[in-house]
Amino acid sequence: MTQYIYRFGGGVSDGGKGDKNLLGGKGANLAEMASIGLPVPPGFTISTAMCTRYYEEGQTFPDSVRKEVANGLRHIEGITGKLFGDAANPLLVSVRSGARVSMPGMMDTVLNLGLNDATVEGLAAISADPRFAWDSYRRFIQMYADVVLELDHGRFEEALEIAKEDQGFYLDTELSADDLKKLVAEYKALVQELWGKPFPQDVHDQLWGAVGAVFGSWQSERAKVYRRLNDIPGDWGTAVNVQAMVFGNMGDTSATGVAFTRDPSTGANGYYGEFLINAQGEDVVAGIRTPQYLTKAAREAAGAKPASMEEAMPQVYGELAHTFDLLERHYRDMQDIEFTVEQAKLWMLQTRSGKRTAKAALKIAVDMAEEGLITQEEAVLRVEPSALDQLLHPTLDPDAPRDVLTKGLPASPGAASGKVVFDADTAERAAANGEDVILVRVETSPEDIHGMHAAKGILTARGGMTSHAAVVARGMGRPCVSGAGTLSIVAKDKIMRVGADGSWREIREGDILTIDGTTGEVMAGAVATIQPELAGDFGTLMVWADKVRRLKVRTNAETPDDCRTAREFGAEGIGLCRTEHMFFEASRITSVRQMILAENEAGRRAALDKLLPEQRSDFAEIFEVMVGLPCTIRLLDPPLHEFLPHEEAEFEDVATATGIDIDKLKRRAAELHEFNPMLGHRGCRLGVTYPEIYEMQARAIFMAACDVAEKSGEAPVPEVMIPLVATRRELELMKLVVDKAAAEVFAERGRTIEYLVGTMIELPRAALKAGEIAEQAEFFSFGTNDLTQTTLGVSRDDAARFLSVYVEKGIYARDPFVSIDVEGVGELIALAAERGRATRPDIKLGICGEHGGDPASIAFCEQVGLDYVSASPYRVPIARLAAAQAALRK
């Protein structure tokens with residue numbers, strides 16, 4: 001019979017840190033902490049396999065699992081000496097989710113389960129603290145109503161606020177036992193009103209309701225969005241952890257907190273975290289009360305008055321610090337830890353590898369390697385390549401004028417400017433329209449996940465450094481300022497007021513706001529930025545990555561500035577230079593149009609003669625930056641209609657330049673119209689019908705290469721790429737044109753330079769006939785943008801309307817225009833590589849579509865044995881790191 005329940009605590013550990021797939025990260029780490037002797041409240045984990053079965057069997061639990069859970073409860077009862085549902089000495093438990101990877105805030109939790117009208121009296125008697133007992137009961141009803149019964153959370157919050165206001169209180173800790181008793185009665189009445197039934201009093205019904213809710217939260221909308229954003233498979237499921245409660249809300253010797261063994265924003269080697277005295281865990285992360293600092297140094301640096309844990313609870317803090325060090329050494333990574341102190345006794349509730357910013361990930365990886373905790377290769381594997389994106393973009397110029405409105409907590413570093421929006425749906429809509437937005441909330445909740453992802457930055461009035469907003473923003477790489485206490489946000493009126501003492505400034509939806517998540521500053525208007533400097537830890541990690549990387553990394557670039565940027569980021573040549581981008585410049589578009597609209601070869605050559613010096617100059621500027629490196633130049637590819645005039649004034653310009661009547665030009669433009677231009681007269685088809693176009697471009701390439709060779713003493717290595725080839729004969733004809741142009745230029749200049757002629761594999765037929773095409777081609781560059789379009793029969797420009805639904809329904813694992821469709825497009829690439837090499841063993845193979853900067857696609861390229869990938873300039877470092885990781889994993 002399959003085992004679904006795994007115990008931990010009290011000298012028992014049925015699992016360990018290697019069982020994350022089965023027990024989830026939380027369950028595996030609870031078992032591991034218990035096994036190394038740390039104080040972990042006893043409990044048991046219901047495995048992810050049960051989650052899968054739960055959905056397969058119509059969201060029901062088999063009797064065998066109910067028996068296993070009963071045994072798990074007996075395990076907890078035996079260690080604690082308390083009984084589940086016993087009125088005199090009640091056992092209370094927490095029910096928490098735990099997927100195999102951390103999904104902060106996305107899944108559900110229920111605390112204080114096991115309380116009812118009888119057990120609350122027993123808890124009051126045994127603790128000799130009625131206030132604590134009734135506070136725990138009101139928390140339980142509020143949480144259970146929200147998570148399990150799915151009732152309106154706002155109604156319960158409103159009742160709590162009214163209870164405080166009636167007494168003139170600000171904090172919930174000021175409410176007395178009698179106040180809380182009345183509040184519990186109001187909460188129960190609310191449940192009856194909203195649910196139509198009384199609050200469940202049977203503790204076993206409570207437990208199974210909570211377990212079902214946690215499994216159910218795996219398929220919640222927010223969890224689905226988070227999985228989609230982080231490429232987490234939907235079939236993994238979550239585990240459920242049932243654990244004896246320990247209480248941080250038992251007075252001034254009790255507390256709860258969240259901590260990181262290193263700073264998750266900067267990576268600095270020092271404890272980082274927050275705690276609250278006389279509180280439970282959700283109080284810290286929900287931003288209901290402003291937490292206190294963990295260390296005295298952090299408190300002093302922030303200028304805060306409330307005592308740090310180091311000062312308020314020195315003995316327990318010492319135990320905690322020792323535990324931090326032990327866990328970091330044990331797991332060999334920065335840990336994110338949850339703990340509770342119950343009447344001066346420390347309990348560990350969770351440890352996991354902490355979410356961190358790219359800057360912190362770099363520093364922690366490099367520092368740990370230099371400390372000898374991990375190897376250089378492990379350090380390379382520790383940094384998520386796509387996270388480097390955070391480091392490659394501008395930050396606020398320290399010298400720029402700024403209109404500072406207020407200051408909050410620097411919850412996630414980086415800076416962002418954008419239009420203010422007050423809800424997640426508006427943020428998502430505005431971002432879809434290409435607008436930069438700042439999401440402003442009183443506090444964020446897991447339901448805001450889609451808006452947080454869409455926003456450039458996040459600002460909250462409440463919450464600390466470990467609040468939901470802070471943790472999720474850091475994981476996403478979004479700048480975030482939290483706990484900006486002088487903000488007054490009226491979301492329904494779409495207005496935010498800033499200030500104090502009657503001096504207010506209003507910010508309305510649509511106004512521009514800038515936030516700096518590194519300093520916590522909030523500024524009106526946009527603030528100037530500066531470009532990043534990539535040195536220090538970044539440079540160190542890249543050196544380590546380049547040591548193990550096999551794949552070369554080139555760039556897609558056609559301007560000198562892009563080429564310089566790419567070289568600074570470590571590009572080893574150009575993998576794709578799109579020559580058509582050069583034709584759109586205002587100084588030459590008229591000549592291009594003259595060439596297209598000409599009715600004969602003589603007319604086309606006259607226009608091409610004007611373009612030749614311009615193209616030669618373009619290539620020379622690029623070759624100067626890339627001297628000594630391979631440069632793949634794609635000859636003209638797009639359909640000619642893209643260059644045609646549309647406005648009357650544009651036709652007049654061409655008429656003036658050519659001396660041809662406007663009506664005649666319009667007739668010629670109409671003749672060139674195509675119904676499906678992407679599959680029409682473009683690519684090598686242009687070269688076959690108008691070889692003089694490719695001849696001019698080839699001459700310009702070789703003349704520029706000779707110019708640079710004479711000037712610098714070192715030549716680039718031009719790789720002339722013929723686009724959209726489907727047959728061997730097309731390439732053969734075009735290669736003759738290129739070779740003839742090269743021979744002529746070399747004869748004129750009295751020198752030769754090395755060059756290659758190859759093709760872009762972007763049609764399924766070309767992939768299938770790669771063996772024949774390789775007889776002519778010296779290199780293949782896989783143009784995966786068009787290869788994906790032509791293989792799937794999907795237009796990239798129109799696919800956004802339905803591809804997200806395809807991904808959601810599991811038709812594709814990811815958007816195939818973002819990450820290679822390995823099963824379809826990938827098979828064509830592998831086949832073409834194999835057949836090409838069978839014909840020409842030394843053929844050079846690369847990839848130059850947008851996939852060249854996608855880590856998953858780069859891993860596929862390593863697996864297939866391509867020679868290089870090519871990415872946009874800012875993604876070159878991402879590609880270098882991803883290529884190194886692919887080599888290490890292979």
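Helices and strands here are DSSP runs, helices of at least four residues and strands of at least two, numbered from the N terminus. The model is predicted. This report covers enclosed cavities, one open pocket and two helix pairs.

## Cavities

Rolling a probe the size of a water molecule over the atoms shows where empty space is left. How many cavities of 30 Å³ or more does a search of the whole structure find? The search returns two.

The largest cavity holds about 120 Å³ of space. Its lining counts 13 residues. Nearest the centre of this cavity lie R96, M245, V246, T340 and L349. Two elements, β6 (93-99) and β8 (238-244), each supply at least two residues of the lining. By class, the lining of the largest cavity splits into five nonpolar, seven polar and one charged residues.

The second largest cavity holds about 30 Å³. L597, E599, I660, K664, L665 and R668 line this space. Which helix gives the most to the lining of the second largest cavity? Helix α25 (residues 662-671) does, with three residues. The class split for this lining is three nonpolar, no polar and three charged residues.

## The second largest pocket

About 450 Å³ of space lies in the second largest pocket. Its lining has 23 residues, and E580, R634, D637, D786 and R796 are the closest to the centre. Three elements give two or more residues each: β28 (574-578), α21 (580-583) and α31 (784-792). Of these, α31 gives the most, with four residues. Seven nonpolar, six polar and 10 charged residues make up the lining of this pocket.

The three spaces can be set out together.

| Space | Volume | Lining by class |
|---|---|---|
| Largest cavity | about 120 Å³ | five nonpolar, seven polar, one charged residues |
| Second largest cavity | about 30 Å³ | three nonpolar, no polar, three charged residues |
| Second largest pocket | about 450 Å³ | seven nonpolar, six polar, 10 charged residues |

## Helix packing

Two packed helices are described by the angle between their axes and the distance between the axes.

Take helix α5 (residues 130-147) and helix α8 (residues 203-217) to begin. Their axes come within 10 Å and cross at roughly 45 degrees. Why are α5 and α8 oblique to each other? Angles under 35 degrees count as roughly parallel and 65 to 115 as roughly perpendicular, so a crossing at roughly 45 degrees makes α5 and α8 oblique. The crossing of α5 and α8 is left-handed. On the α5 side, F140, Y144 and V147 make the contact. On the α8 side, D205, Q206, G209, A210 and A213 meet them. This contact of α5 with α8 has five nonpolar, two polar and one charged residues.

Next come helix α19 (residues 537-548) and helix α35 (residues 876-889). These two helices pack at an angle of about 45 degrees, with axes 8 Å apart. The pair α19 and α35 is therefore oblique. Their crossing is left-handed. From α19, the contact takes in F538, L541, M542, A545, D546 and V548. From α35, the partners are P877, R880, L881, A884, A887 and L888. By class, the contact of α19 with α35 has 10 nonpolar, no polar and two charged residues.

Note on methods: Residues numbered from 1 in each chain as written. Predicted model: local features only at pLDDT ≥ 70, side-chain atom pairs only at ≥ 80, totals over all residues. Heavy atoms only, no water. Axes fitted to C-alpha atoms, helices over the stretch in contact; angles between N-to-C directions. Parallel < 35°, antiparallel > 145°, perpendicular 65-115°, else oblique. Left-handed = near helix turned anticlockwise from the far one by under 90°. Contact = heavy atoms within 4.5 Å. Nonpolar A, V, L, I, M, F, W, Y, C, P; charged D, E, K, R; others polar. 1 Å grid on protein atoms, 1.4 Å probe; cavity = no way out; pocket = protein on both sides within 12 Å on 5 of 7 lines; lining within 4 Å. Points joined across faces, edges and corners; volume = space filled by probe spheres on them.
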